[in-house]
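Here is a friendly tour of the structure you have in front of you. Keep the 3D view open and follow along from one site to the next.

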Amino acid sequence: MTHLDVPFSKPDITEDDVMAVARVVRSGRLALGPEAARFERLVADYVGVRHAIAVSSGTAGLHLAVVALGIGREHEVITSPLSFVPSANCFVQEGARPVFVDIEPLGLGPAPEQVARALTGRTRAILFSDLFHQPVDAEPLRRIAEQHDLPMIEDACEALGAECRGRRAGSLGDIGVFGFYPNKQITTGEGGMVVSNDDELAARCRSLRNQGRDTHDAWLSHSRIGFNYRLDEMSAALGVSQMTRVDSLLAARERVAALYRERLAHSPFTLPRIAPTTTRTSWFVFTIQLPGGADRSKVMRALEARGVPTRTYFDCIHLQRPYRERFGFREGQFPRAEAFARQNLALPFFPGMSEAEVDHVCASLETALPSAT
Ligand SMILES: *Cc1c(COP(=O)(O)O)cnc(C)c1O
């Protein structure tokens with residue numbers, strides 16, 4: 001078989017993007033300028049929320065949301081262990097205890113009946129992550145949250161543009177967070193955005209992001225203990241430029257996902273499920289489930305040898321060392337999440353991926369599997 005080195009991920013950068021960043025660098029106004037405000041307006045309008053607060057990363061945004069909600073010691077946050085580690089680190093950092101529940105039988109969000117059972121007097125929030133290509137159906141979770149007066153944090157870092165029941169990801173909880181790392185739907189290099197319809201919460205996030213300054217505070221006057229989680233102007237300018245073509249970026253990802261689905265339709269791999277509540281997909285990565293009995297490490301090594309890099313999105317958070325050591329989590333506690341995580345494999349995926357590259361990945365998979373079962 002021919003060898004072809006396929007990148008795992010690659011941002012879509014145009015000459016307009018480069019010029020937008022260069023203009024800011026030349027202007028000399030590198031921080032606290034108009035680009036961040038412009039970027040915030042574009043994302044807020046796109047998501048359909050009142051407020052957007054640009055931050056230095058998705059991780060910083062999650063932390064900001066947790067602090068703005070007053071989550072800390074003595075509190076518990078209910079979430080699923082199937083996500084990227086910052087979606088639990090964000091409140092563990094503040095001393096709150098992670099209460100993990102298993103994922104839904106068909107979806108990847110926290111199973112609502114398990115969430116209901118996990119509630120205690122110390123529960124302070126519910127956090128869910130929109131993974132891979134679609135949002136969590138948050139309706140059943142919202143009913144529980146409203147009954148118990150709990151805020152919902154939506155980790156929408158992988159889901160810009162995706163919709164559930166006609167509503168955009170990021171607006172499905174009380175506070176949502178996006179990430180703009182180079183593998184995401186749009187990128188600012190490092191960067192993120194907190195979104196919310198709650199005026200007070202948004203104001204607190206703005207202040208916390210900016211060293212605890214309130215809008216009326218002088219530069220060296222601080223109304224609360226905050227952070228510097230601001231997004232610089234170069235990053236924001238790149239974000240603005242990317243947002244002006246977000247729908248075509250999503251369409252390019254959709255095209256690659258459709259190619260994969262077509263090429264792998266009759267393969268032994270389980271393809272991503274699209275929930276009936278998903279009214280618009282937004283592909284962050286394309287992942288497949290290997291058939292039971294397949295040795296994933298062997299498949300990955302065989303693919304790597306053909307120039308096809310893959311990743312194991314995601315290893316369950318409760319099985320990461322600090323979570324085992326600090327909280328005593330162990331294997332077998334969340335069987336659905338663990339089984340999904342064990343068999344899941346993310347394939348090379350980016351908007352400019354060619355048909356030849358998709359074909360090479362699929363042909364390589366076909367030859368890698370038999371040697372690994
Ligand atoms: C990308 C991502 C984040 C944030 O990542 P940063 O690199 O900090 O921007 C958070 N949660 C999930 C699920 C992600 O995929």
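A residue is called exposed when its relative accessible area is over 50%, buried when that area is under 20%, and partly exposed in between. Please keep in mind that this is a predicted model.

**Two residues with positive phi**

With those cut-offs in hand, start at Asp149, which sits in the loop between α6 and β5. Its relative accessible area is 71%, so Asp149 counts as exposed. Asp149 is not a glycine, yet its phi is positive, at about 55 degrees.

Arg165 is also not a glycine and has a positive phi, here of about 50 degrees. You will find Arg165 in the loop between β6 (163–164) and β7 (167–168). Its relative accessibility is 46%, so Arg165 is classed as partly exposed.

**Strand β5 and its partner**

Now move on to strand β5, which covers residues 152–155. Which way do its residues point? Met152 and Glu154 face one way, Ile153 and Asp155 face the other way, and all are buried. In a regular strand, side chains alternate between the two faces of the sheet. β5 pairs with β4 in the parallel sense, over four bridges. Within this pairing, Ile126 stands opposite Met152 of β5.

**The ligand site**

Asp155 of β5 also belongs to the set of residues around the ligand. Others in that set are Ser57, Gly58, Thr59, Leu62, Ser83, Phe84, Pro86, Cys157, Glu158, Lys184 and Gly191. Sorted by class, this shell has four nonpolar, five polar and three charged residues. Which helix gives the most to the shell? That is α3 (residues 58–68), with three residues.

The table gives polar contacts between side chains and oxygen atoms of the ligand.

| Side chain | Partner | Distance |
|---|---|---|
| Thr59, N or O atom | ligand oxygen atom | 2.5 Å |
| Glu158, N or O atom | ligand oxygen atom | 2.6 Å |
| Lys184, polar atom | ligand oxygen atom | 2.8 Å |

On its own, the ligand has 380 Å² of accessible area, and the protein covers 92% of it.

**Two buried residues**

Is His133 buried or exposed? The relative accessible area of His133 is 4%, so this residue is buried. His133 lies in the loop between β4 (123–129) and α6 (139–147). A polar atom of the His133 side chain is 2.8 Å from the backbone oxygen of Arg273. Setting aside neighbours within four places in sequence, His133 is in contact with Ala162, Pro272, Arg273, Ile274, Thr281, Ser282 and Trp283.

Asp17 is part of helix α1 (residues 15–27). With a relative accessible area of 0%, Asp17 is buried as well. Which residues does Asp17 touch, not counting those up to four places away in sequence? They are Asp12, Leu238, Ser241, Gln242 and Arg245.

**A cis peptide bond**

One last stop is the peptide bond from Tyr313 to Phe314, which is cis, with omega near -15 degrees. To locate this bond, look for Phe314 in the loop between α10 (296–305) and α11 (321–327).

How values were computed: Residues are numbered from 1 along each chain as its sequence is written. This is a predicted model: local features need pLDDT of at least 70, side-chain atom pairs count only at pLDDT 80 or more; totals for chains, interfaces and linings use all residues. Side-chain values use heavy atoms; hydrogens and water are left out. Buried means under 20% relative accessible area, exposed over 50%, partly exposed in between (1.4 Å probe, protein chains only). Contact means heavy atoms within 4.5 Å. A residue is near a molecule or strand if one of its heavy atoms lies within 4 Å of it. A polar contact is a pair of N or O atoms within 3.5 Å; within protein, one must be able to donate a hydrogen and the other to accept it, and residues adjacent in sequence count only if both atoms are side-chain atoms. Accessible areas come from the Shrake-Rupley method with a 1.4 Å probe; for residues, only the protein chains shown count as cover. Ala, Val, Leu, Ile, Met, Phe, Trp, Tyr, Cys and Pro count as nonpolar, Asp, Glu, Lys and Arg as charged, and the others, Gly among them, as polar. Two strands pair if DSSP finds at least two bridges between them.
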